[in-house]
Amino acid sequence: MVEQALQLDTIFHSLADPIRRDILHRVMECELSVGELVEKYEVSFAAISKHLKVLEKANLIHKRKEGQKYMVTLAPEALAEADKYLEQYRQMWESRYDKLETILKEG
Amino acid sequence: MEKTKVVKDLEAKTLTIEREINAPKQKVWGAYADKDIFAQWWGPEGWETTVKEFDFRPGGHNLYAMKCVDPKQGDFFGQESWAVMQYQTMDEPNGFSYKDLFANPDGTPMENMPVVNVEIKFIEKDGKTTVATTIQANAAEEIEKLLAMGMVEGISSTFDRLEKLFA
């Protein structure tokens, strides 16, 4: 449980940066090489490389080697995890209000 | 059926939880304003609420603990967390606002934990009351989380569109 919470924090942190969000949108549509990603932004190769490391650590992207190039794709399972977190939050409130309604019915 | 909705507003950086309760708003107000009633329902399923201090008026506060008493909830079982509601404005029976803080059992706020502004509105129609709880995050990381949730939603819906395209 704690481990899962830490992982979610990593995911949320990863998504907080606009460039990282944009990278995710691009690799969601098609697999891109690191070089192709660098060309799309007015920042250095090192900066993009750093963003990719953050995304990889959060398990938001998959990287694979193809010849001399590294190819990047989206890892949708991590986002499903974040959706699950929101659903748990909703259920917490649902059970709270269910209790409230029961009490007011009896009272 | 899901009766509780969580609505995200990324512009305002808020989360709003909406739920219709089958009771008039004066009664719903009472469930927040009365110490004993509040303690009966505030803890979610499997969590018990103990209220240590309770002063429901603007400038007053409520110090309470929620403890998980359900062995089926795994790691949460036995966990206890203390919190303070610092009541700000009140407009009986239409709504009130408070600051929500993580606290130590003596009521002092925990350091490095987010302080969240909460606004509650009671809207009555045909004898039923919609409770709208709007949570405004102050701490930077909370706002990041809210933004991330919006991002997640954006991505999920794009996936849905992709799936339809390939169906």
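Is Asp126(B) buried or exposed at 72% relative accessibility? Asp126(B) counts as exposed, and one of the views below returns to it. The legends accompany a predicted model.

**Figure 1. Chain A combines five helices with three strands.** Let us begin with an overview of this chain. Reading along the sequence, you meet its elements in the pattern α-α-β-α-α-β-β-α. Of the 107 residues in chain A, 39% are buried. Among contacts in this chain with a separation of 6 or more, 54% link residues 24 or more positions apart. The accessible surface of chain A amounts to about 6000 Å², and carbon and sulfur atoms account for 53% of that area.

**Figure 2. Helices α2 and α4 of chain A cross at roughly 75°.** Helix α2(A) covers residues 18-29, helix α4(A) covers residues 45-57, and their axes come within 10 Å. The crossing angle therefore makes α2(A) roughly perpendicular to α4(A). Which residues should you look for in this contact? From α2(A), the participants are Ile19(A), Arg20(A), Ile23(A) and Leu24(A). Across from them, α4(A) supplies Ile48(A), His51(A), Leu52(A), Val54(A) and Leu55(A). Sorted by character, the residues of this contact comprise seven nonpolar, one polar and one charged.

**Figure 3. Asn59(A) has a positive phi in the loop between α4 and β2 of chain A.** Its phi is near 60°, and the residue is not a glycine. Why pause at a backbone angle like this one? Most residues other than glycine have a negative phi. Asn59(A) has a relative accessibility of 43%, so it counts as partly exposed.

**Figure 4. Glu66(A) sits in strand β2 of chain A.** The strand spans residues 61-66. With 37% relative accessibility, Glu66(A) is classed as partly exposed. A useful partner to show alongside it is Ser33(A): the two residues are 33 positions apart in sequence, while their C-alpha atoms are 9.1 Å apart in space.

**Figure 5. Chain B has eight strands and three helices.** Now we turn to the other chain in the views. Starting from the N terminus, the order of its elements is β-β-α-α-β-β-β-β-β-β-α. Chain B has 167 residues, and buried ones make up 38% of them. Counting contacts in this chain with a separation of 6 or more, 42% come from residues 24 or more positions apart. Chain B exposes about 9200 Å², with 50% of this area supplied by carbon and sulfur atoms.

**Figure 6. Phe38(B) is a buried residue in helix α2 of chain B.** The helix runs over residues 35-41, and Phe38(B) has a relative accessible area of 1%. What does Phe38(B) touch, leaving aside residues up to four places away in sequence? Its contacts are Ala31(B), Tyr32(B), Val51(B), Phe54(B), Asn62(B), Tyr64(B) and Met85(B). You can also locate Thr49(B) in this view: it lies 11 residues from Phe38(B) along the chain, with 8.4 Å between the two C-alpha atoms.

**Figure 7. A cis peptide bond joins Glu92(B) and Pro93(B).** The omega angle at this bond is about -5°. Where does the proline lie? Pro93(B) is found in the loop between β5 and β6 of chain B. The flanking strands cover residues 80-91 for β5 and 95-103 for β6. As a reminder for this view, most peptide bonds are trans.

**Figure 8. Asp126(B) lies in the loop between β7 and β8 of chain B.** Here is the residue from the opening question. Strand β7 takes in residues 116-125, and strand β8 takes in residues 128-137. The phi of Asp126(B) is near 50°, a positive value in a residue other than glycine. Asp126(B) counts as exposed because its relative accessibility is 72%, and the cut-off for that label is over 50%.

**Figure 9. Cys30(A) and Cys68(B) offer a closing look at two cysteines.** How many disulfides does the structure hold over all chains? The number is zero. Cys30(A), at 41% relative accessibility, counts as partly exposed, whereas Cys68(B) is buried with a relative accessible area of 1%.

Terms used. Residues are numbered from 1 along each chain as its sequence is written. Chains are lettered from A and ligands numbered from 1 in the order in which they are written. This is a predicted model: local features need pLDDT of at least 70, side-chain atom pairs count only at pLDDT 80 or more; totals for chains, interfaces and linings use all residues. Side-chain values use heavy atoms; hydrogens and water are left out. Helices (H or I, at least four residues) and strands (E, at least two) are DSSP runs, numbered from the N terminus. Buried means under 20% relative accessible area, exposed over 50%, partly exposed in between (1.4 Å probe, protein chains only). Contact means heavy atoms within 4.5 Å. Accessible areas come from the Shrake-Rupley method with a 1.4 Å probe; for residues, only the protein chains shown count as cover. Axes are lines fitted to C-alpha atoms, for helices over the stretch in contact, and angles run from 0 to 180 degrees between N-to-C directions. Angles under 35 degrees count as roughly parallel, over 145 as roughly antiparallel, 65 to 115 as roughly perpendicular and the rest as oblique. Ala, Val, Leu, Ile, Met, Phe, Trp, Tyr, Cys and Pro count as nonpolar, Asp, Glu, Lys and Arg as charged, and the others, Gly among them, as polar. A disulfide is a pair of cysteine sulfur atoms within 2.5 Å.
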